[in-house]
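Here is a model worth a close look. Take one part of it at a time.

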Amino acid sequence: MKGDEFATTRWWEGGAVIYQIYPRSFADSDGDGIGDLAGILGRLDHLAGTDASLGVDAIWLSPIYPSPLHDFGYDIADYTGVAAEFGTLADLDRLVEACHARDVKVILDLVPCHTSIAHPWFAESRASRYNPKRDWYIWADPGPDGAAPNNWISAFGGPSWEWDATTGQYFLHSFYPEQPNLNWRNPGVVAAMHDVMRFWYERGIDGFRVDAIQAAVVDDQLRDNPPFQRASPIPGLGARHGQELLWNIDRPETHDVIRGLRRVTDEYPGRILIGEVYAPVERLAGYLGHGQDDEFHLAWNFEPLLTPWSSADFTLAIERAEALHPADALPSYAFSNHDNPRHASRYGRERARLVALMLLTLRGVPTLYMGEEIGMIDHPALPPDRRFDRAGRDAQRAPMQWDPTPGAGFSTGTPWLPLVDPAQANVADQLANPRSLLSLYRRLIAARRSGGALARGEHRSIFGLAEDVLAWRRDTPEERLLILVNMGEPATSIDASRAGPSGEVLIATGDRHGRVELANLELAGLEGLVLRL
Ligand code: NOJ
Ligand code: MG
């Protein structure tokens, strides 16, 4: 896939895999217990460029900017700086250069909807009602009896409004009170954020993951949300906190904001914009724009991540993704990230091999969350004094486990969050073991990178093979693949002969090799197969 122009300008369309790094927890180079940019640089062999690498195409770094850490970097105090504990701009330049030398793209996190309360823009805005930056944020007078201006609830619970005594108004925050919302109706905000993007594009950054974009614009009349009326099709998306999120989330004007981000991105060839759009696929689809040069290139579909371990629910999540994305857009999947319990904890470690096979054989662009390739689980018992996130997301942010030594190869100091279980799951041991989960990830990614049907094939599901068996085809004119996934624990016999008489095992979650007959195929419990027809 390298070298051809298509792949270099829209590189994510050729089977690419994105790897999410939570910088505090990936690798610590200076022994302060906090992961840093030099640490990432020192671990690039794991990601790409050697025969022992995973072979990912891009890394996405969760925020690396100066921040008072009320939301662990998603509250940004300086959009064009690097937090001291992570290193310097020069360290970032070195990392980008080293990644590019390995054909790895570097994607940064853009957090456009809110700043930190510590950002100088907010200091100006809150200083007086007449400050030129007053209107860069969303201020409102109190309601009757000093109450909040309306009934909106923040994502983490509690009112979306914080009282500011200096000027006698409330300011809006969709997340923590330490994250005041920017006002995207103000042209100064638009220009400033576009300049932030240009600053990073000029430095060679390959794109942005755009945070929480559904909260970019709210109703200009600040109308109340109606009370909860109906359950959302996917639990966790849509209505929340007893309200229908109609006036403060997913507003039509948001699309103008994204078009602006896209115009800036298109000033620089080959760059990518990925939306974190927390919405059901019907709504998500609208964020992928009309045609290939509009709005986001990719938008994460969170439905599979929020789906319980059930073949019926998974079938629906996969079909919804396939049926509801615009024809010219690729779906984009992740099963774990820094905001949700890891899938090896949600579903169980014994299911991690099957999840890997699904993630890397479905059509679209998968994102791996650091550590899932070795089956990392959430920290099961964080002591109260080692919990930092008020929304309770520390357990999935524990440090990466590189080897079985006491510091797990993460740090020579005391890790900022306790290690989970380096003796059970670590990169060094799994690299040496061809049957490990890591080796399975490497085989799956290698198969995608060969550029065949896993990279570019169409998707077509096959239903009704057995209650717990999911099946789909990935076909190009040159290669025809059948993917079989037994989500059930018991073994089960299927007749998949409608796909052909037999198939050659390309990749298996277990120890299967050679050709298998499809007419009477016994799948082991939790077995997954990629078969070439
Ligand atoms: C989504 C980020 O992934 C999450 O960590 C953060 O708390 C919110 N957006 C607010 O920025
Ligand atoms: Mg450090």
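Q: Into which domains is the protein divided? Please look closely at domain 2 (120-172), and place it against the rest.

A: The protein has three parts: domain 1 (3-112 + 187-217 + 253-449), domain 2 (120-172) and domain 3 (457-532). These bounds come from an automatic or database domain assignment. The model is predicted: local features need pLDDT of at least 70 and side-chain atom pairs pLDDT 80 or more, while totals for chains, interfaces and linings use all residues. Residues are numbered from 1 along each chain as written, chains are lettered from A and ligands numbered from 1 in written order, and side-chain values use heavy atoms, without hydrogens and water.

Start with strand β6, residues 169-172 (strands are DSSP E runs of at least two residues, helices H or I runs of at least four, numbered from the N terminus). Gln-169 and Phe-171 point one way from β6. Tyr-170 and Leu-172 point the other way. In a regular strand, side chains alternate between the two faces of the sheet. Here the residues on both sides of β6 are buried (under 20% relative accessible area with a 1.4 Å probe and protein chains only; exposed is over 50%, partly exposed in between).

Two strands of this region pair with β6 (pairing takes at least two DSSP bridges). Strand β5, residues 161-164, runs antiparallel to β6 and is joined to it by four bridges. Within this pair, Trp-163 has Tyr-170 as its bridge partner. Asp-164 faces Gln-169. β5 and β6 make a hairpin, with four residues between them. Gly-168 sits in that turn and has a positive phi of about 65 degrees.

The other partner of β6 is strand β4, residues 139-140. That pair is antiparallel too, with two bridges. Trp-139 stands opposite Phe-171 of β6.

Asp-164 deserves its own note. Asp-164 belongs to β5. Its relative accessibility is 4%, so Asp-164 counts as buried. Asp-145 gives a contrast. Asp-145 lies in the loop between β4 and β5. With a relative accessible area of 84%, Asp-145 is exposed. Its phi is positive, about 60 degrees, although Asp-145 is not a glycine. Most residues other than glycine have a negative phi.

Now the surroundings. The largest pocket has a volume of about 530 Å³. Its lining holds 31 residues, and the closest to its centre are Ala-155, Phe-156, Phe-175, Arg-240 and Arg-393. (On a 1 Å grid over the protein atoms alone, a pocket is an open set of points with protein on both sides within 12 Å along at least five of seven lines, and lining residues have an atom within 4 Å of a point. Points join across faces, edges and corners, and the volume is that filled by the probe spheres set on them, with a 1.4 Å probe.) Domain 1 and domain 2 both give residues to this lining, so the largest pocket lies between them.

Domain 3 lies elsewhere. The C-alpha centres of domain 2 and domain 3 are 56 Å apart. One residue pair adds a second distance: Asp-164 and Glu-479 are 62 Å apart, C-alpha to C-alpha, and 315 residues apart in sequence.

Next, the eight-stranded sheet. It is open, with parallel pairing, in the order β9-β8-β7-β3-β2-β1-β11-β10. Its edge strands are β9 (298-299) and β10 (332-334), each paired on one side only. Within the sheet, β2 (residues 58-61) and β3 (residues 105-110) pair in the parallel sense over four bridges. There Trp-60 stands opposite Ile-107.

After β2 comes another residue with a positive phi. Phe-72 lies in the loop between β2 and α4 (89-101). Its phi is about 45 degrees, although Phe-72 is not a glycine. A relative accessible area of 10% makes Phe-72 buried.

Last, the metal site. Asp-28, Asp-30, Asp-32 and Asp-36 (each through OD) and Ile-34 (through O) coordinate the magnesium ion (ligand 2) at 2.2 Å. (Donors are N, O and S atoms within 2.8 Å of the metal, or 3.2 Å for Na, K and Ca; water is not among the atoms, so sites may look incomplete.) The donor spacing in sequence is D-x1-D-x1-D-x1-I-x1-D. Asp-28 is buried at 9% relative accessibility. Asp-36 is buried as well, at 3%.
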